[in-house]
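Trainee: Could you go through the reasoning behind some of the labels with me? I would like to see how each one is reached.

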Amino acid sequence: MDISSEAAIDRFLIGPSTILGRTIAFRVLFCKSVDQLRHQIVHMLLYYFHRLRTYVSVIGTPVISWLHPRNPQGILLLVTLIAFLLNRYTNVKTKAKMAYRRKFWRNMMRAAVTYEEWAHAAKMLDKESPKLNESDLYDEELVRNKLQELRHRREECSLRDIIFCMRADLIRNLGNMCNPELHKGRHQVPKLIKEYIDEVSMQLRMVCDFDSDELVLEEKLAFMHETRHAFGRTALLLSGGASLGAFHVGVVKTLVEHKLLPRIVAGSSVGSIMCSVVATKSWPELQSFFEDSWHSLQFFDQMGGIFNVFKRVMTQGALHDIRHLQVLLRNLTNNLTFQEAYDMTGRVLGITVCSPRKHEPPRCLNYLTSPHVVIWSAVTASCAFPGLYEAQELMAKDRSGEIVPYHPPFHWGPEEANGTSGRRWRDGSLEIDLPMIQLKELFNVNHFIVSQANPHIAPLLRLKEVIRAYGGNFAAKVYFLLEYLMWL
């Protein structure tokens, strides 16, 4: 048996591996023994202890003598110091309690089921919140001066002077008083802005109620029409969102209860269903609808058996049968067209639809662009999400009142071989969920109340709040530009 004369030895460390251990070992090397190291450490500690005692005796003795009970200045200083510390502790404790209560009421606002619950929580939050520096959010001086001018004009001038001046300078966002940060999470508007709005409303009522030969009805109508056009209008927008569209019911119900429902309502997909209800019912019918009828409505039927679903997918390319929705909407809207609904209720209805064709842009149907289209047909087309419902053909009334296809049937391109005729439309939320630009162009809308139920928009809204809070004005403007380009 051969025995090798070479041996392999692995590398290993000798001595401590930590920095502290190596420092002590390095110090020991310069000492004759461990006892000498211990003596040096003790001498060093005694040295620093004597230095500290000397410092305390030099500095502390005058202070202690100055705080002697026989020295009134020292006692006054000591009492002041104790009072300051107690006050500091009390303020910190009070601020912590207020912050906790504010957080509690914010959570209550988020969890509120009814408007009354939200309003109560908002009132309590206003009481607990520190007063805002409102001058940083809007021009108080401008609004105050304009309010004084309006009051002086009402007291000193004639009605024609009031009309002349109001027609010239009545604008919506005076002094940036529509700043969202000024009204976010608050139940009431600032007192100055409320007084200005009340004064303007009072003078508008004076013009309406003034009964004299000096001011004829035609002049009143012309003044109101022109002033409204310059002031702008408000619209309610209801987004798509499938079953989450049930949140729209609570929004509209609250607006109806407080008589704040705008005359212009528009929506897409499931939002268009609620818009059609609002636009086709008179005010008493609308109030009674939210009290009694809306609980029993079920717009979307069950899918049915597996064989029915398979048959629909193979023949129509959709999981659901849209005929159940069509029947309910026909009964609910009474086969009204956009023009007929506007003539009956005075409300402007807008419903968005998209075309499957490549180069055809989406449309916002309303009483100006498509007056004869039947509302239930537009709603079912706006709800036709690919894969769930098949694309729908728009229907309209002809001159005799008969329901006919909105676009006369004709054949084009490769579809002619399949025997397909007419133009079909699908879910409006695919391309134009909220038709803001169309409403601005057609109806001079410059203020929107939006009920957004699409879940994929929620992160963008949260990001918008964060950018507004921490990004500054420049970041907020950049995000606004990007948001505008996305909606385009």
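Mentor: Happy to! Let's start with the aromatic pairs: in this predicted model the count comes to 6.

Trainee: What makes Tyr115 and Trp118 a stacked pair?

Mentor: Their ring centres lie 6.1 Å apart, and pairing needs centres within 6.5 Å. The planes of Tyr115 and Trp118 are at 25 degrees, and under 30 degrees counts as stacked, so the pair earns that name.

Trainee: Where do Tyr115 and Trp118 sit relative to each other in helix α4?

Mentor: They are 3 residues apart in that helix (residues 115–128), so about one helical turn separates them.

Trainee: Why is the pair of Tyr367 and Phe443 called stacked?

Mentor: The centres are 6.0 Å apart and the planes are at 25 degrees, so stacked is the right word for Tyr367 and Phe443. Tyr367 lies in the loop between β4 and α16 and Phe443 in helix α17, so this pair ties together parts that are 76 residues apart in sequence. Tyr342, Tyr367 and Phe443 form one aromatic cluster.

Trainee: How do you know whether Phe443 is buried or exposed?

Mentor: Its relative accessible area is 5%, and buried means under 20%, so Phe443 is buried. Tyr367, at 15%, is buried too.

Trainee: And why is Leu45 called exposed?

Mentor: Leu45 has 54% relative accessibility, and exposed means over 50%, so the label fits. Leu45 is found in helix α2 and belongs to a nonpolar surface patch of about 550 Å², together with Ile41, Met44, Tyr47 and Tyr48.

Note on methods. Residues numbered from 1 in each chain as written. Predicted model: local features only at pLDDT ≥ 70, side-chain atom pairs only at ≥ 80, totals over all residues. Heavy atoms only, no water. Patch = residues over 30% accessible without salt bridge, like charges linked within 9 Å, V, L, I, M, F, W, Y side chains within 5 Å. Areas by Shrake-Rupley, 256 points an atom, 1.4 Å probe, with all protein chains shown as cover. Salt bridge = Lys/Arg side-chain N within 4 Å of Asp/Glu carboxyl O. Helix = DSSP H or I, 4+ residues; strand = E, 2+ residues; numbered from the N terminus. Buried < 20%, exposed > 50% of the residue type's maximum accessible area, 1.4 Å probe, protein only. Phe/Tyr/Trp six-rings, centres within 6.5 Å; stacked < 30°, edge-to-face > 60°.
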